[in-house]
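Here is a friendly walk through some of the labels used for this structure. Each turn asks how a label was earned and then checks it.

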Amino acid sequence: MSQTYDIPMPGVIAIYLKGSPRPGVGPQDVALAIIGRVFGNGYVKNRVMEFVGPGVAGLSADFRIGIDVMTTETTCLSSIWQTDEKIREFYEIHGREEAYKELKPGEIAYYDGCVEIDLSEIKPMIAMPFHPSNTYTIDELKANLDDILADVEKRAQVSLDGKVPYTLRDKVIDGKLYVEQGIIAGCAGGGFENICAAADILRGAHIGADAFTLSVYPASTPIYMELAKNGVLAELIGTGAVVKTAFCGPCFGAGDTPANNALSIRHATRNFPNREGSKIQNGQISSVALMDARSIAATAANRGFLTSAEEYTGEYRCPKYYFDKSIYENRVFDSKGVADPSVEIQFGPNIKDWPEMPPLAENLLLKVVSEIHDPVTTTDELIPSGETSSYRSNPLGLAEFTLSRKDPAYVGRAKEVQKAQKAIQEDRCPAEALPELKPVMDTIKKTWPDVGRDSLGVGSTIFAVKPGDGSAREQAASCQKVLGGWANIANEYATKRYRSNLINWGMLPFLIPGGDLPFCNGDYLFIPGIRRAVEEKADEIKVYTVRDGSLREFAVTLGDLTDHERQIILRGCLINYNRK
């Protein structure tokens with residue numbers, strides 16, 4: 001390979017599993033228990049989670065997958081599992097037995113830390129809005145309902161900036177929490193075993209004719225087909241549930257958007273504000289709590305009143321899964337590894353090229369165009385999902401949604417500043433395109449008289465306390481870049497994934513200590529010699545707030561950067577770097 005993703009050797013944390021899950025406990029319960037323990041203290045942040053111990057052998061491949069897809073929510077870098085005959089069988093079922101490899105720790109293995117999990121002690125869990133780490137056992141929630149709901153409402157005022165009225169205590173009916181929607185979906189919830197277990201719990205019951213609805217999305221078409229063959233599909237439909245096509249839409253707000261002020265329980269990956277499709281800027285807010293498919297089914301059988309799957313005492317049939325590869329053979333195109341250059345690629349009108357991205361200038365002048373003081377800012381808040389899906393191949397179109405639910409004025413501010421950089425690229429005076437720059441440049445030239453458009457880059461930046469929680473969605477960075485973003489300033493970055501995405505789009509991942517900021521939204525920041533600072537690996541970078549004809553100095557750092565990352569930043573983005 002000509003290009004690799006180079007990182008220092010990460011720490012490795014052993015997730016030591018022992019015991020066996022009790023009836024009614026599923027993979028989401030185990031995952032939420034782990035997330036609740038390690039997210040807040042950052043114990044596994046940017047480290048590899050290695051699942052080991054005698055408890056692993058008792059978990060099916062489906063169960064392990066269900067836990068693993070949630071490990072992103074711990075802020076770990078990656079995860080790995082020891083393998084065994086159950087994994088060999090999983091490969092064999094899918095016609096790929098030759099791809100199986102045994103993975104296990106050596107007789108003596110050293111780790112940077114350990115999280116011990118007794119699977120037999122885990123009870124059905126729920127992650128309350130608006131984060132997967134806001135976890136309780138369902139029993140604990142029911143026993144302390146008013147106190148916990150009051151705490152969620154208090155936290156919500158931070159996440160929602162007080163922009164919309166928000167309460168969950170109106171969901172309490174006769175002392176019981178009532179939810180309006182249940183969703184079992186995607187890579188986390190749509191697994192074969194999850195859906196079959198849910199059908200067992202719902203057998204002989206129905207969801208009723210009140211507000212509560214239940215939708216089930218199998219994780220793949222082969223799973224959907226097997227559910228049809230073994231009768232589970234018919235059983236689910238008979239309960240009043242709606243079974244939909246294999247689609248991860250409910251995970252990002254592109255399906256089953258809850259009604260305004262509704263509470264949805266989901267076996268999905270995330271429950272951030274706006275994730276399920278709420279539009280705070282339009283006055284619509286909904287809440288998502290994460291639960292395992294089994295407890296969602298128990299709640300559905302109880303017609304919307306929150307219920308733990310441990311209350312189900314019936315039988316789990318555990319049918320065997322049979323994979324039918326004909327679905328893919330009959331529909332998926334396979335070129336057998338040989339390209340046909342005579343076939344023209346068809347581009348629709350919503351597929352656009354990336355705009356030109358200049359290399360890093362000798363000096364930078366950045367305007368702060370958004371200031372976010374939430375404890376954590378998610379990638380969903382940086383670039384929302386849902387309605388943006390149709391713009392994934394249109395960089396400029398997608399960028400119009402940047403921070404739209406958190407700071408709707410951001411896009412306009414960023415585009416206004418971008419006029420100056422475009423003027424520089426056209427060899428025009430930036431102050432002609434953006435008149436407010438003239439007094440700013442006059443102030444700068446008093447100290448740096450040689451700074452001119454031939455050595456200056458002009459763009460925007462945002463401040464956030466801890467941005468980038470959640471998925472590795474590169475659009476959270478690229479959308480800022482195409483709007484003229486040159487940097488982020490943060491007290492820390494929630495994940496290495498987001499910081500890496502900033503770097504790959506040529507954006508400087510500045511770090512500044514916590515406390516009072518030396519700038520405000522709307523201020524200009526001048527960074528002299530930034531290109532040289534990146535080249536020479538400067539430990540500290542001097543920045544100047546330009547305000548009222550004067551300069552105020554403060555310092556930022558870039559954290560650890562590999563030589564490869566420095567070259568990407570210097571060239572302006574990974575696209576430019578790859579042109580070498």
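Q: What makes D334 and K336 a salt bridge?
A: In this predicted model, the closest N and O atoms of D334 and K336 are 3.4 Å apart. A salt bridge needs a side-chain nitrogen of Lys or Arg within 4 Å of a carboxyl oxygen of Asp or Glu, so D334 and K336 qualify.

Q: Why is D334 called partly exposed, and why is K336 called exposed?
A: D334 has 47% relative accessibility, and K336 has a relative accessible area of 66%. Exposed means over 50%, buried means under 20%, and partly exposed is in between. The value for K336 therefore earns the word exposed, while D334 falls in the partly exposed range.

Q: How do you know that E329 forms a salt bridge with K325?
A: The closest N and O atoms of E329 and K325 are 3.7 Å apart, and the cut-off is within 4 Å. The pair therefore counts as a salt bridge. E329 is exposed, and so is K325.

Q: How many salt bridges does the structure hold?
A: The structure holds 34 salt bridges. R22, K123, D139 and E310 are linked in a network of them.

Q: What makes K18 and E116 a salt bridge, and which parts does the pair tie together?
A: Their closest N and O atoms are 3.7 Å apart, so the pair meets the rule of within 4 Å. K18 lies in strand 1 (residues 12-18) and E116 in strand 4 (residues 113-118), so the salt bridge ties together parts that are 98 residues apart in sequence.

Q: Are K18 and E116 buried, partly exposed or exposed?
A: K18 has 29% relative accessibility, and E116 has 41%. Partly exposed lies between 20% and 50%, so K18 is partly exposed, and E116 is partly exposed too.

Q: How do you know that strand 1 and strand 4 are paired?
A: Six bridges join strand 1 to strand 4, and the two run parallel. Pairing needs at least two bridges, so strand 1 and strand 4 count as a pair. Across this pairing, I13 stands opposite G113 in strand 4.

Q: Why are strand 3 and strand 4 said to stand at the edges?
A: The open sheet of four strands has the order 3-2-1-4, with parallel pairing. Strand 3 (78-81) and strand 4 each have a single partner strand, so one side of each is left without a neighbour in the sheet. From one strand to the next, the twist averages 20°.

Q: What makes strand 19 and strand 22 the edge strands of the open sheet of seven strands?
A: The order is 19-18-16-14-20-21-22, with mixed pairing. Strand 19 (508-511) and strand 22 (550-556) each pair on one side only. In this sheet the twist averages 30° from one strand to the next.

Q: How do you know that strand 18 and strand 19 pair?
A: Strand 18 (residues 485-490) and strand 19 share four bridges in the parallel sense. The rule asks for at least two, so the pairing stands. The bridge partner of I489 in strand 19 is F510.

Q: Why is helix 7 called mostly covered?
A: In helix 7 (residues 192-202), 10 of its 11 residues are buried. Among them are F192, N194, C196 and L202. After helix 7 comes G204, whose phi is positive, near 85°.

Q: Why is C196 called buried, and why is it in no disulfide?
A: C196 has a relative accessible area of 3%, and buried means under 20%, so the word fits. The nearest cysteine sulfur, that of C318, is 8.6 Å away. A disulfide needs sulfur atoms within 2.5 Å, so C196 has no partner.

Q: Why is C573 without a bond to C479?
A: The sulfur of C573 is 14 Å from the closest cysteine sulfur, in C479, which is too far for a bond. C573 is buried, with a relative accessible area of 1%. The disulfide count comes to zero.

Q: What makes I351 partly exposed, and which patch includes I351?
A: The relative accessible area of I351 is 39%; this lies between 20% and 50%, so I351 is partly exposed. I345, F347 and I351 form a nonpolar surface patch, with about 340 Å² of accessible area together. I351 is found in the loop between helix 11 (326-329) and strand 14 (363-372).

Notes. Residues numbered from 1 in each chain as written. Predicted model: local features only at pLDDT ≥ 70, side-chain atom pairs only at ≥ 80, totals over all residues. Heavy atoms only, no water. Buried < 20%, exposed > 50% of the residue type's maximum accessible area, 1.4 Å probe, protein only. Patch = residues over 30% accessible without salt bridge, like charges linked within 9 Å, V, L, I, M, F, W, Y side chains within 5 Å. Areas by Shrake-Rupley, 256 points an atom, 1.4 Å probe, with all protein chains shown as cover. Axes fitted to C-alpha atoms, helices over the stretch in contact; angles between N-to-C directions.
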